[in-house]
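Trainee: I've got a new model open and I'd like to practise reading it. Can we go through it together, one question at a time?

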Amino acid sequence: MAEPREELEAWANGRFGDRPEEWSGLAEPGPIQIFGLPIALLSGFAITKMGFLAQILWYFVTVPLHETGHAVGSWLGSGFAFPIGAFLPMAGLTVMSDHRSASFGAAILLGLAALGAFAWNRRSGALILVSAALVFLWFRWTFVETDEEWRRFSIWAGMGGELFLSTFLVLLSFYDLPKILHWDFFRIFALFYGAFGFVSSATRWLRIRAGTERMPMGSFLTGGPDAAGDVERLVSAHGWTAARITRSYLDLAAVCAILIVAHWLHALSRRLRTSQR
């Protein structure tokens, strides 16, 4: 099989390099999956109690996940969005269009098709699943849901992205990806980055439900209650209550936690079966 550098050169020259003979899927369970996940989750929880360090990581983990979540919600409905806060966390802003665009939707579909073609060529089961799921969601939010439902989802997907994008990174650490992506190197970073993002957001909503923390009102730019905040827009423009908002994110956190635990238990089971042979 070609080395990553050789694969990059092949792609640059219009070739696809050596196609793997076998499909890749779940990674062989190792220390990163078995021990890394509990350590990452516990470390993330400990950091949330550390004040200044928690605030620093909130800027560089939670804010990018939040703004990317807004953008993903908009993209899935064929709406233009650029998550400035994903690249400049201190900006805390995503530029989003209020209207769908047929040309931008076509560009999104073309990008997903390219991802699927790359996954097929590299025989990556994980990327095939990701591209198929994204095409399904794109079709739903572009053609099935109304404009109002799509706008509401784009707003909701900000704090939702803190959960589903962080979970995506954690789950991805359990899979093998094409060598050209250098995933063996980035896997551990994705695991710890995602684990902190998930724990930080999930525990915040648990505290909100318990009444020990206030609902995150207002926007990042003002630092206080204003009409541009996600919560304010969900309430004023879409008629949601604080209880419904809290419940929706806790339900999402529960689904994400189940997926994370299921992957870890499956990896642990495979590891134990291998060790007994």
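Mentor: Sure, and keep in mind that this is a predicted model. Let's start where two helices touch: Gln33, Ile34, Leu37 and Pro38 of helix 2 meet Ile260, Trp264, Ala267, Leu268 and Arg271 of helix 10. Sorted by class, the residues of this contact are seven nonpolar, one polar and one charged.

Trainee: At what angle do the axes of helix 2 and helix 10 cross?

Mentor: Two packed helices are described by the angle between their axes and the distance between the axes. Here helix 2 covers residues 31–47 and helix 10 covers residues 242–275. Their axes come within 9 Å, and the crossing angle is roughly 145 degrees.

Trainee: Is the crossing of helix 2 and helix 10 left-handed or right-handed?

Mentor: For handedness, you look at which way the near helix is turned from the far one, anticlockwise or clockwise. For helix 2 passing helix 10, the crossing is left-handed.

Trainee: Let's pick one residue from that contact. Is isoleucine 260 buried or exposed?

Mentor: Isoleucine 260 sits in helix 10. Leaving aside neighbours within four places in sequence, it is in contact with Leu37, Thr167, Val170, Leu171 and Phe198. Its relative accessibility is 4%, and the cut-off for buried is under 20%, so isoleucine 260 counts as buried.

Trainee: How far apart are the C-alpha atoms of isoleucine 260 and phenylalanine 168?

Mentor: Along the chain, the two residues are 92 residues apart. In space, the separation between their C-alpha atoms is 9.2 Å.

Trainee: What about valine 255: which accessibility class does it count in?

Mentor: Valine 255 also has its place in helix 10. Its C-alpha atom is 9.3 Å from that of phenylalanine 164, which is 91 residues away along the chain. Its relative accessibility is 48%, and buried means under 20% while exposed means over 50%, so valine 255 counts as partly exposed.

Trainee: Now for empty space. Which helix gives the most residues to the lining of the largest cavity?

Mentor: Rolling a probe the size of a water molecule over the atoms shows where empty space is left. A search of the whole structure turns up one cavity of 30 Å³ or more, and the largest cavity holds about 30 Å³ of space. Its lining is made of Leu26, Ala27, Pro29, Gln33, Phe174, His266, Ala267 and Arg270. With three residues, the top contributor is helix 10.

Trainee: How many residues in the lining of the largest cavity are nonpolar?

Mentor: Go through the lining by class: two residues are polar and one is charged. The nonpolar residues in the lining number five.

Trainee: On to backbone angles. What is the phi of arginine 123?

Mentor: Most residues other than glycine have a negative phi, and most peptide bonds are trans. Arginine 123 lies in the loop between helix 5 (102–121) and helix 6 (125–144). It isn't a glycine, yet its phi is positive, near 50 degrees.

Trainee: Where does histidine 182 lie, given that it has a positive phi too?

Mentor: Histidine 182 has a phi of about 55 degrees although it is not a glycine. It is partly exposed, because its relative accessible area of 38% falls between the 20% and 50% cut-offs. As for its place, histidine 182 is in the loop between helix 7 (147–172) and helix 8 (183–210).

Trainee: Which residues is serine 200 in contact with, leaving aside its neighbours within four places in sequence?

Mentor: Serine 200 has its place in helix 8. At 15% relative accessibility it is under the 20% cut-off, so serine 200 counts as buried. Its contacts beyond those neighbours are Thr48 and Thr62.

Trainee: How far apart in space are threonine 241 and valine 231?

Mentor: Threonine 241 is in the loop between helix 9 (230–236) and helix 10, and it is partly exposed at 46% relative accessible area. It is 10 residues from valine 231 in sequence. C-alpha to C-alpha, the distance is 9.1 Å.

Trainee: Last one, for the whole chain: what percentage of residues count as buried?

Mentor: The chain has 10 helices and two strands, in the order α-α-α-β-α-β-α-α-α-α-α-α. Among contacts between residues at least 6 apart in sequence, 71% join residues at least 24 apart. Of the 277 residues, the buried share is 44%.

Definitions and conventions
Residues numbered from 1 in each chain as written. Predicted model: local features only at pLDDT ≥ 70, side-chain atom pairs only at ≥ 80, totals over all residues. Heavy atoms only, no water. Axes fitted to C-alpha atoms, helices over the stretch in contact; angles between N-to-C directions. Helix = DSSP H or I, 4+ residues; strand = E, 2+ residues; numbered from the N terminus. Contact = heavy atoms within 4.5 Å. Nonpolar A, V, L, I, M, F, W, Y, C, P; charged D, E, K, R; others polar. Buried < 20%, exposed > 50% of the residue type's maximum accessible area, 1.4 Å probe, protein only. 1 Å grid on protein atoms, 1.4 Å probe; cavity = no way out; pocket = protein on both sides within 12 Å on 5 of 7 lines; lining within 4 Å. Points joined across faces, edges and corners; volume = space filled by probe spheres on them.
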